[in-house]
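Reader: I am a first-year student and would like a close look at one part of this model. Please take one charged residue, say what it is paired with, and follow that partner into its surroundings.

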Amino acid sequence: MSGDNLIKRAVQGDKEAFAKLYSQYKDRLYRYAYFKLGNDSDAQDAVADCIVCAYQSIGTLKNEKAFDAWIFKILYRSCCALVKRQIENKGVESLDSHKNSASYEPCFASAELSEALSLLDSTDRDIVLLSAVAGFNSREIGRLTGQNPNTVRSRLSRSLAKMKAFLR
């Protein structure tokens, strides 16, 4: 069954189709959340929030071809909301110490790659992750982040060059 057909069925309320979509997207969603948030527990929480929100609002999706961008935008917002809650609940110092704790073990990339990502500001890191992990092009990233696609391409190029220089 094609992805578009699954999406169409999910939009019409088919729970099994939505479950199959989740199975197809869960790894990409998790990888993005993991790199954005820096740890397994937070990534799982953000993906869970994203899936609940997506399930509840799938009927509002008007264009099946926009599903990728739609679900990643929900995940992006879930990640931002989780960080905001952590800052409000624990304070900035607690959050920083949690992210830099010894329990942070990258499972998808080397420690050097994680360090290279940490050199970037949050907007540039989002652009790199949306491109490299989620597989979006500059136009799609622009729609997700509210930036001009040319700006996205420029920031992506500079960010990748910065990371490459660090990794050398």
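Author: Asp68 is a suitable start: with a relative accessible area of 26%, it counts as partly exposed, because that class runs from the 20% limit for buried to the 50% limit for exposed. The model is a predicted one. Asp68 forms a salt bridge with Arg28, and their closest N and O atoms are 4.0 Å apart. This pair joins distant parts of the chain, since Asp68 is in helix α4 (residues 67–90) and Arg28 is in helix α2, 40 residues apart. Arg28 is also partly exposed, because its relative accessible area is 21%.

Now to the helix that holds the partner. Helix α2 covers residues 15–37, and its end C-alpha atoms are only 29 Å apart, whereas a straight helix of 23 residues would span 33 Å. Helix α2 also has a kink of about 50°, centred on Tyr25. Tyr25 is one of the buried residues of α2, which also include Phe18, Leu21, Leu29 and Tyr32. An α-helix has 3.6 residues a turn, so residues three or four places apart point the same way.

The two ends of α2 can be described as well. At the N-terminal end, Asp14 acts as a cap, with a side-chain oxygen 2.9 Å from the backbone nitrogen of Glu16. After the other end comes Gly38, which has a positive phi, near 90°.

Back to the pairing. The structure holds 7 salt bridges in total. Helix α4 takes part in another of them: Asp49 is bridged to Arg85, with 3.4 Å between the closest N and O atoms. Here Asp49 is in helix α3 (residues 40–57) and Arg85 is in α4, 36 residues apart. Asp49 is partly exposed, because its relative accessibility is 35%, and Arg85 is partly exposed at 37%.

A further salt bridge joins the side chains of Asp121 and Arg155, at 3.5 Å from N to O. Asp121 is in the loop between α6 (111–118) and α7 (122–132) and Arg155 is in helix α9, so the pair ties together parts 34 residues apart in sequence. Asp121 is partly exposed, with a relative accessible area of 39%. Asp124 belongs to a network of salt bridges with Asp121 and Arg155.

As for the setting, the chain has 9 helices and 0 strands. Of its 168 residues, 38% are buried.

Definitions and conventions: Residues numbered from 1 in each chain as written. Predicted model: local features only at pLDDT ≥ 70, side-chain atom pairs only at ≥ 80, totals over all residues. Heavy atoms only, no water. Helix = DSSP H or I, 4+ residues; strand = E, 2+ residues; numbered from the N terminus. Expected span 1.5 Å × (residues − 1). Bend = angle between axes of the 7 residues up to and from the residue. Buried < 20%, exposed > 50% of the residue type's maximum accessible area, 1.4 Å probe, protein only. Polar contact = N/O pair within 3.5 Å; in protein donor to acceptor, adjacent residues only side chain to side chain.
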